[in-house]
Amino acid sequence: MTSNVLVLGAGELGVAMLEALVHHPSRNQVKLAVLLRQATLDSAAPAKRKMVQHLRALGVHFETGDVVDATVSDLASLFAEYDTVVCCTGMGLPPGTQKKLTEAVLEAKVARYFPWQYGMDYDEIGQGSSQDLFDEQLEVRKLLRDQTATNWVIVSTGLFMSFLFLPAFGVVDLEKRVVRALGGWDNRITLTTPRDIGRVTADVVLNPRGISHQVVYTAGDTVSYEEVAGILDGHFDAEFTRELWDLDTLRQQMKEDPSTMVKYRDTFAQGRGVAWSMDKTINHQRGIAMTDLRAYLKEVHAG
């Protein structure tokens with residue numbers, strides 16, 4: 001029985017997660033809290049003040065701590081007060097942070113943990129991929145699988161849908177009306193919005209229906225790069241220029257600039273562990289309506 005939930009972080013995903021938990025019909029008396037740095041709570045920056053006020057208005061409680069600076073024991077003593085911990089902090093943290101958080105959860109004997117694994121099927125991608133950040137995700141999975149005291153659920157989401165349109169990622173350049181395929185035009189990619197990730201994860205948190213010690217999948221859309229190009233043409237009523245970044249092109253990019261974004265591109269170009277069919281997803285099985293790529297474009301890029 002879930003009685004209190006701690007969400008780590010209140011970025012785009014953390015806020016979406018908290019909103020979904022607050023409004024979920026099965027919430028009942030479940031206490032919700034969020035872990036933030038004291039500097040965030042004290043910040044005069046308008047965006048941070050607005051976020052804190054928003055969460056207060058939702059009735060979310062606040063815990064203070066810094067997941068980077070805190071020791072495993074510090075975090076464990078904090079986590080021990082909660083029966084479910086949902087990690088929504090991951091982007092840009094130093095290497096080793098996700099492993100440390102998992103060790104703290106296990107030391108605290110938290111009943112259930114949702115780690116920061118909102119992304120690819122790392123088991124299928126395997127160790128030693130171009131994106132070395134993924135190796136730590138596999139270490140987290142091993143820690144969780146090597147024990148039985150803490151129930152765990154990993155929610156695989158594919159790429160955050162907005163990431164597809166980041167100029168640095170390089171797949172879609174809206175300004176120049178260019179769309180690029182990574183590896184090949186038939187390669188597929190799974191995309192989900194943070195809001196939908198929050199909704200599906202909150203449903204599993206508060207209404208697990210037997211889901212435990214396992215990886216589950218969610219998706220707003222699974223499309224090939226050819227389909228992405230066609231959807232963009234139709235939405236903007238203009239033909240996008242097509243460019244193929246095949247494996248040789250990406251290998252050269254890796255030699256010249258082995259940055260995080262280039263590593264991501266190369267991983268996606270391999271076409272392994274980055275896409276799954278909609279009928280495999282929790283949202284399909286539970287009848288949860290999601291935002292697909294066409295709907296996302298209507299919401300965010302209105303022509």
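Student: Which polar contact joins the side chains of Ser 3 and Asp 83, and how long is the gap?

Tutor: This is a predicted model, so treat each distance as a value computed from predicted atoms. A polar contact pairs N or O atoms within 3.5 Å. Here the side chains of Ser 3 and Asp 83 are joined by one of 2.7 Å.

Student: What else does Ser 3 touch, leaving out residues up to four places away in sequence?

Tutor: Besides Asp 83, Ser 3 touches Gln 29, Val 30 and Lys 31. You'll find Ser 3 in the segment before strand S1 (4-8).

Student: Is Ser 3 buried, exposed or partly exposed?

Tutor: Buried means under 20% relative accessible area and exposed means over 50%. Ser 3 has 39% relative accessibility, so it counts as partly exposed.

Student: How far is Ser 3 from Val 178?

Tutor: Count it two ways. Along the sequence they are 175 residues apart, and in space their C-alpha atoms are 49 Å apart.

Student: Val 178 brings me to strand S9 (residues 178-182). Which sheet holds S9, and in what order do its strands come?

Tutor: To read a sheet, go strand by strand and ask who pairs with whom. Here three strands form an open sheet, ordered S8-S9-S13, with mixed pairing. Strand S8 (172-173) and strand S13 (241-245) are the edge strands, each pairing on one side only. S9 and S13 run parallel and are joined by five bridges. For one partner pair, look at Ala 181, whose bridge partner in S13 is Leu 244.

Student: Which helix packs on that sheet?

Tutor: That's helix H9 (residues 225-236), which touches S8, S9 and S13. Its direction makes about 170° with that of S9.

Student: What about the sheet with S7, S10 and S12?

Tutor: Try the reading again. The order is S7-S10-S12, the sheet is open, and its pairing is mixed. Strand S7 (159-160) and strand S12 (221-224) each have a single partner strand, so one side of each has no neighbour in the sheet. Strand S10 (residues 188-192) runs antiparallel to S12, with four bridges between them. Among the partners, Leu 191 is matched with Asp 221 in S12.

Student: Why look for a nonpolar core?

Tutor: In soluble globular proteins, nonpolar side chains tend to be buried together. In this model the largest nonpolar core has 103 residues. Those with the most contacts inside it are Phe 79, Tyr 118, Leu 164, Leu 232, Phe 268 and Leu 293. Helix H1 (residues 12-23) gives this core its largest share, seven residues.

Student: What is Leu 293 in contact with, neighbours within four places aside?

Tutor: Its contacts include Met 161, Leu 164, Phe 165, Val 228 and Ile 231. Leu 293 also contacts Leu 191 and Asp 221, the bridge partners we met between S10 and S12.

Student: Which residues of helix H7 (residues 133-145) are buried?

Tutor: They are Phe 134, Asp 135, Glu 136, Gln 137, Leu 138, Val 140, Arg 141 and Leu 144. Among the elements they pack against are helix H5 (97-107), strand S6 (151-156) and helix H11 (260-269).

Student: Last one: how many disulfides are there?

Tutor: Check the distance between sulfur atoms. The structure holds zero disulfides. For Cys 87, the nearest cysteine sulfur is that of Cys 88, 6.8 Å away, which is too far for a bond.

Student: Are those two cysteines buried or exposed?

Tutor: Cys 87 is buried, with a relative accessible area of 0%. Cys 88 counts as buried too, at 6% relative accessibility.

Methods:
Residues are numbered from 1 along each chain as its sequence is written. This is a predicted model: local features need pLDDT of at least 70, side-chain atom pairs count only at pLDDT 80 or more; totals for chains, interfaces and linings use all residues. Side-chain values use heavy atoms; hydrogens and water are left out. Two strands pair if DSSP finds at least two bridges between them. Helices (H or I, at least four residues) and strands (E, at least two) are DSSP runs, numbered from the N terminus. Contact means heavy atoms within 4.5 Å. Axes are lines fitted to C-alpha atoms, for helices over the stretch in contact, and angles run from 0 to 180 degrees between N-to-C directions. Buried means under 20% relative accessible area, exposed over 50%, partly exposed in between (1.4 Å probe, protein chains only). A polar contact is a pair of N or O atoms within 3.5 Å; within protein, one must be able to donate a hydrogen and the other to accept it, and residues adjacent in sequence count only if both atoms are side-chain atoms. A nonpolar core is a set of buried Ala, Val, Leu, Ile, Met, Phe, Trp, Tyr and Cys residues joined through side-chain atoms within 4.5 Å. A disulfide is a pair of cysteine sulfur atoms within 2.5 Å.
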